[in-house]
Every structure is written in C-alpha cells, then in structure tokens.
Amino acid sequence: MKVTRRDLFVWGAGAAAGLVFSPVPWKLLDDTSIWSQNWPWIPQPARSPVEVKQSFCSLCPQGCALKVRMAGGWPIGVAGVSTSPVTRGALCPLGYGAHQLNWHPRRLQAVRHKESVSSWGAAQTAFAKACGEGPVIVIDGYPGRAASSILEAFAEKRGSYRVALSPELGALAPYERWSGVPANALGYDLENARTIVSGAPMLDGWGSPGRFTRLWAESAAGAKDPQLRLIQIEDSFSRTGSRAWQSVRIRSGSESALAAGLAHVLLDERLVPARGPIPRLTLADAAAQAGISEDAIRELARTMVERRPTLVISNDENPQVAALNVLLAATGARGGIVRRTKGTRHLPADAVNLNARAILIDAKVPWNFTPETDAEIFRFAAWDDGTSKSDWLLPAPGFLEELTDIPAAPTSAIETYAVAPALSKPRFEVQSAAQFLGNLDPSLGTTEKLIHGRCNGLFRERKGTLYGAARVPLEKFDSVQKVEEQLWKGAIWTGDPPSVGGWRCELKEWPQDPEKLRSRDWASEWPAAVLPPLAVKLYQESTLREAPERRNA
Amino acid sequence: MSARYGMVIDLDRCTGCGSCMVSCAAENNVPVLPKASARTGITPMLVRRVSNHMAGADHREVFFPILCMHCEHETPCVRVCPQQAVEVDQATGIVMQMPQRCLGCRYCMTACPYHARYFNWWDPGWPSGMEKSLNPGVAVRMRGVVEKCNLCHARLHAAKERAAAAGKREIDPTDYVPACVEACPTQAIRFGDLAEKNDPVSEEAKSPDAFRLLVRLGTEPKVYYKSKEKWVRALAQSNGGRSMEAEHV
C-alpha cells in the first residue's frame, strides 16, 4: 500500500476533527486551568495536628470564654464555650475572627518614638526620666486585673491612677455619686427583670454577647406577650430596635428630656410608690424635645410599670435616665441594679485636664481615647492605626499572647474570676504596661504572682462554684493547687448570687446637665485599633452593617 | 440508613449579629479580599435584612440567613454542571462542590434559585503570615471556581475520624456541628438529621411555623425557616420568596 501526500492530509484532518470530539482538549483545558490557578505563591494552610485549648478573650472587659483550636503553636479558630455560665457559648462577631488579628498588617512590631523606630531601652530611660521630673498618670481601660494592681501601685507612688470608663460602666457612674457604692461593684440583674427599657445596643454589642442575647432569645424572641419585654428607645431603628417588643423613636440627644417626661407621668399618676424630686422640665417641653406626643410618653410610662420589675438601661452615662431606676425602686432590688461585690472607687480618666509630666496608657484603653494634654504620652498598643498622637508607641502583647486574669464583666450581676493563659508566643519583643512598670520597680511584683495570690484568696474564702469540665463548689477542693490547675485550664469561678438590698439610692433633686450620649455600635466600642480582617464580611461583602468610620478597618 | 442533614433557622431569634458569617469564613478559609463587594465577595452564609415596608410603629424587620439549601430533588446546580463538580452525597444529603473539577463556567450560579453560590474572582490571599491562622482541615480554593456552603464537610470528616478511632461505625451527632450553628449566640440556627424521626430538628421542621423558600420549584430544600410572624411567612411565600431580593436593605 502506497501512502500518498493526500492520505497524510486526510489522516491529519480526520485526527484533528476526532480530537475535538475526544476528552483530550477538555482535559488539557482543565489541567491548564488547575495548574494556572494553583500558583506556588498561593497560601496553603500549615499541615499540623490540631489541639483544642480553653482560654478567655481579653480584648474587651467582657472576658468571654474561648475554645481555641491551635495548630503549629498558632490559634487557627475560636469558638465559645457552651459550659460557661456567663457567655453560654457565645462570642461577638468580631471575636470569631480575632485569631487573625496578630497577623494584621497594622500590628505594632517595634517601639516607635515620634514616628521613628526606637528601642525598649530608650523608652524605659525616657519614662524613668519623666518619672523623676514630675507626676505621672497611669490610665487603665480594664480595671480589676492583676496587671491593673501593678499599674495602680506604681501610679500611687508616682502620681495618680485613672480608669477610662467603658460605656457600660459609665451608665452605672451616677449611682456611685448618689450612693457611694463604686460603679464597678454594681451590675444588672437582667435575669429577673420583666421589663427592660433600653437606649443601649442590647442585642448588638452591649455587655457579654452571650448573656442578654440568650436571655432575650429564651424569654422574649417571637412572643407577642413575652416573659421579658424589651422596650428600645433610640433615635434610629437599630438591630436591637428591630427585634424589641416595642421600639420608640425619639430625636437624637433627647433621652434626658424623655426621662424627665416619664418621671413626671410616673409621679403624677402615682405609678411608682416612691416620691421623688420632680424634674423642672415640663411634660409638654419633654414631649417637644423628644419629638413624640405627651400621650405617647404617658402610654410609655404606663407600659413600663405594667410588668415589674422594670429596669432602665442607658447607652452611656446619663444621670436623668439613671434617676428613673431610683423612682422605679430598681436600685438594690431583684430584677434591678444589684451590688455584687465591694468594688473600688477609681478616678475616671477624662480626655482633658490631665496635667502631668507623663501619661502612660495601657493597651486595654480603647483606641479612640486620645488625651488632650502637653504631657509626654507613653501608649501601649498591639495595633497601630496611624492616628495616635502618642509620643511613644510601645508594642503590647496581642490576642492570646499574654497571661492575664479576667475579673467580672462590668454589667455582671455575679462576681466571676478566670485566668487566660498565653497560648501563643509573640513574634517580636512585646511588653505589657505592667511588665514595663515592673522592670522599673521590681517591688511591684509580677502578674503571675498576683494571680497566684488571688487564687489563694478564692480558695481561702471557699465560696462560689468552679465551672470547668464539671461544676464543683469551691469548698470541695482540698488544695489551692487544684483550684489553680482548673483555672489555668479554662475554668471560671462564679460567686454566690448577689443579695438584694444592702444599698439604695436616694435623689434629693432631679439631676441636671447630662453628658451628651455617644452613639454606640459593635465597632465603635472595639478597643483595638483595627478590626479582624474577616469583619469585611459584615460591612463590605454584605449590607448587614454600615462600614465603620475607621481608617484601617 | 443514610442521613439527611439540614437546618431549621428560627428567624424570630436571629438578631443579625453576623457571627455565623464570620465563623463560617474563618472555618472554611474564605480569603479576605480587599476589592470584594457585596456582589463579588464570598459569603457562603449571608444574612439579609428584610422589612415589611410599613411605616412608623408598624415597621418590622427580620434577618434572613441565606446559605446553600442543599436541595434534595432535581438539585438545580447538579443538573447544569458540565463537569460533574457538584453532586448530592447520598450518605448525607449534602450538596458537595468539588473545586478541582470546576471550570468556572458559573452555570450553577445562574441555576441556583437562592443565589447561594459564589465565584472566586481573585487568587486567595491573606496578609503576610496570616496563612498560619488558616484551618488545616480545609483546602484553600483557587481563583476561577465556584464555591458555596458544604455544611462544614471538614467537620464531618473529622467526626468520622474520631468515631473510627473510637471503634464506632456511626458518628456521635453532637460531634458534628457546622461553624455557623456553633457560633449563633441565640441558637437560632439548629442543625440535625431530617431523616431521623427523633431528631429535634426533624420535629421542628414539621412545626406549623416552619417553611422553606421557593417550595413551588419542587427542589426539596433541606434548610427550613421558622417564624411566628405572619408577614415573614407571607413574604417568604409571596412571589416564591424572590421578593426578598428586592426587600434586601
């Protein structure tokens, strides 16, 4: 058989036509696309065994219990701890992405002095020099920790210790002035309240995420006549308002006027047993300022007392709103504001009038706290968003990089205590403010020693219950080592339920001149300078939340 | 007996906090994409805010977590995929997506009546070093493929491995819980085996307040919603649930 040139052409054309109908080109296309999609520089997760450890989030004072999955020494995921009696398995949405924070591009990696890189030695020398030249103010954002004791002890020798109040703690500040009981000793007995009138984002970042949201879900959600009535009063229709039993819209900044109007109705119609001072603002003026009718205020006041106990919670420090709780006899009462501990009075850190040679700001102070002062500022921070006016920026431990203890959350009705061990090592040299001051003055002790002392104190008192793998009353432990061992493994100690009574507020006159309320949401109260990168899912890749006005979010 | 994993989402309990969205992304190594928007981002779990469009005191809102509905019957995405990159796992009822087979034609995205599928427009990327925080149990998907919720299949694998190590043939039901279910602070999202009569989720799915989206298409979705609010049920049924897209605020 002779093969001609024509045969070759026919064979070639046939092969080309046949190839189109074979899987070969598709397979080639597929393989090419897979190859081109898997460039070697595409990140891949590290392959290593996963272990689960328990700790606590110390990013904000709520101190939520964490179940942390670790691989290769790094946290790779966090979840809540369902056995925690406080958070009951819940975290805030930002908490679920917090394990990525330590890798954030804005992580502060070196000491910075006036925008240029410096050293820990230079910072230490500059601070020691400042201490020798004049008074020093130490500002803490998370009081009650062992580290706070170190800050306080140092400040008492060299100047003064101040606390940047969280909005939750700020809302309790008026009661401190009226009764003398420290605000950090008070909490809300939400579980026993039947009506909660709120101007705070109760379902959107207020208090411990698991506490009120779970309570609301169990006793209010979806019911037309719920066991717990949530009445939300605010100037916009928030997420909390959308899920509340009743939502009342008022003009921005008119919360105090509405409180005065409600007080008028409560007293005039004898809806409350107590007699109290009558506000100067008339009901008509209150209605005009709040932008709702007098009848609406009357109706609201009657609804408030229909189901008692009634508790009023403000967004921030607002004496007139707080005075409503006094009229409603909700102070020192079941379902109201209770005293959980002795507490300690602290000077609040105002952003102005801070006269000192130097100011040291702890990393737990919210980033948006910027003092207006001529003093030299030494600010500890794990992340830097570039807006700080600090003279010195000192890298602090990041998420789960520091041993700390976790005192009771600001709104908690019961006393709690937990220990959050450091689960991962920082990648560069960091120091907490307590370590920094401890280096200057070794007599202050260390966080670890103080935590040991506190565990010892708990053991000696033998009160309360330890929630670990099981729920065990503290009196059943026979050594402090066993208590400590449980706490270091992620257990949480809870005190006995607070006794009602024992403290009460009295109003001699209706309070005036309330602080202007700040608008609050989940991001504005986030204490770190940056949000977890995955928060973009909430405000950029969905329309669930508005983009926070933060430069590096 | 094969399982039929599904969910019941109690809309009355959802506060729209978004914990489910973030925990889903963290669990499944969904990349952080600086350029992504609501249209181009990857949100296998997406919470939509919808209202009844009434004014004043009658105004009501509800949050709808939308994810792959894991359609049981004539699953639209499975039927259109030219690559057999999507299939219904007969042992679990989970609609599986295999990125290695996907060509990125996006027919499945067009076919999905719930808009629960997402295309990877960019190479996955994280800030330097952040890859150490990724979940080693889930592979990173490449650019050019479609992805969606797979009910945290990696967690099912892990539960099976634990069961096998303990010498058991069946997994402990409490050992397999998707990330969004675990994260929900109000326990609005509940997960279980719909084929198991005694499973609380299976019973809840039969509640008179329970409903599914786009039932008229006959695809038998395995994600149920629940609400006592009449307007919510009416909204989901009106126009086959498509009105939610317009309501999305």
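Me: In this predicted model, what share of the 553 residues of chain A counts as buried, and what makes a residue buried?

Reply: Of the 553 residues of chain A, 53% count as buried. A residue earns that label if 20 or more other C-beta atoms lie within 10 Å of its own.

Me: Why is N150(B) called buried, and where is N150(B) found?

Reply: N150(B) has 23 C-beta neighbours inside 10 Å; the label requires 20 or more, and therefore N150(B) counts as buried. N150(B) sits in the loop between β7 (146-147) and α4 (153-165) of chain B. Leaving aside residues up to four places away in sequence, N150(B) touches I94(B), M96(B) and Q97(B).

Me: How many of the residues of α8(A) are buried, and what do the buried residues pack against?

Reply: Helix α8(A) is mostly covered, with 12 of its 14 residues buried; among them are E255(A), L258(A), H264(A) and L266(A). The buried residues of this helix pack against β10 (229-234), α9 (283-290), α10 (294-306) and α11 (319-327), which also belong to chain A.

Me: How do you know that the span of helix α8 (residues 255-268) of chain A agrees with what 14 residues should give?

Reply: The expected span is 1.5 Å times one less than the number of residues, and for the 14 residues of α8 in chain A this comes to 20 Å. The end C-alpha atoms of that helix are 20 Å apart, so the two values agree. After α8(A) comes R270(A), whose phi is positive, near 55°.

Me: What makes the sheet of β11, β10, β9 and β12 in chain A an open one with edges, and which strands stand there?

Reply: The four strands of this open sheet follow the order β11-β10-β9-β12 (chain A), and their pairing is parallel. β11 (246-249) and β12 (310-313) of chain A stand at the edges because each has a single partner strand, so that one side of each is left without a neighbour in the sheet. From one strand to the next, the twist averages 15°.

Me: Why do β10(A) and β11(A) count as paired strands?

Reply: Two strands pair if at least two bridges are found between them, and β10(A) and β11(A), which run parallel, are joined by four bridges; therefore these strands meet the requirement for pairing. One of the residue pairs involved is E234(A) with its bridge partner R249(A) in β11(A).

Me: How is chain A divided into domains, and how many residues of each domain are in contact with the other?

Reply: Chain A is divided into domain 1 (112-167 + 345-494) and domain 2 (180-343), and the C-alpha centres of these two domains of chain A lie 33 Å apart. Contact requires C-beta atoms within 7 Å, and 12 residues of domain 1 of chain A are in contact with 12 residues of domain 2 of chain A. On the side of domain 1 of chain A that touches domain 2, the residues divide into seven nonpolar, three polar and two charged.

Me: How many residues of chain B are in contact with chain A, and which element of chain B gives the most to that side?

Reply: 51 residues of chain B are in contact with 56 residues of chain A. On the side of chain B that touches chain A, α1 (19-27), β2 (46-51) and α5 (179-183) of chain B each supply at least two residues, and α1(B) gives the most, with seven residues. The residues on that side of chain B divide into 22 nonpolar, 18 polar and 11 charged.

Key: Residues numbered from 1 in each chain as written. Chains lettered and ligands numbered in written order. Predicted model: local features only at pLDDT ≥ 70, side-chain atom pairs only at ≥ 80, totals over all residues. Contact = placed C-beta atoms within 7 Å. Nonpolar A, V, L, I, M, F, W, Y, C, P; charged D, E, K, R; others polar. Domains from an automatic or database assignment. Axes fitted to C-alpha atoms, helices over the stretch in contact; angles between N-to-C directions.
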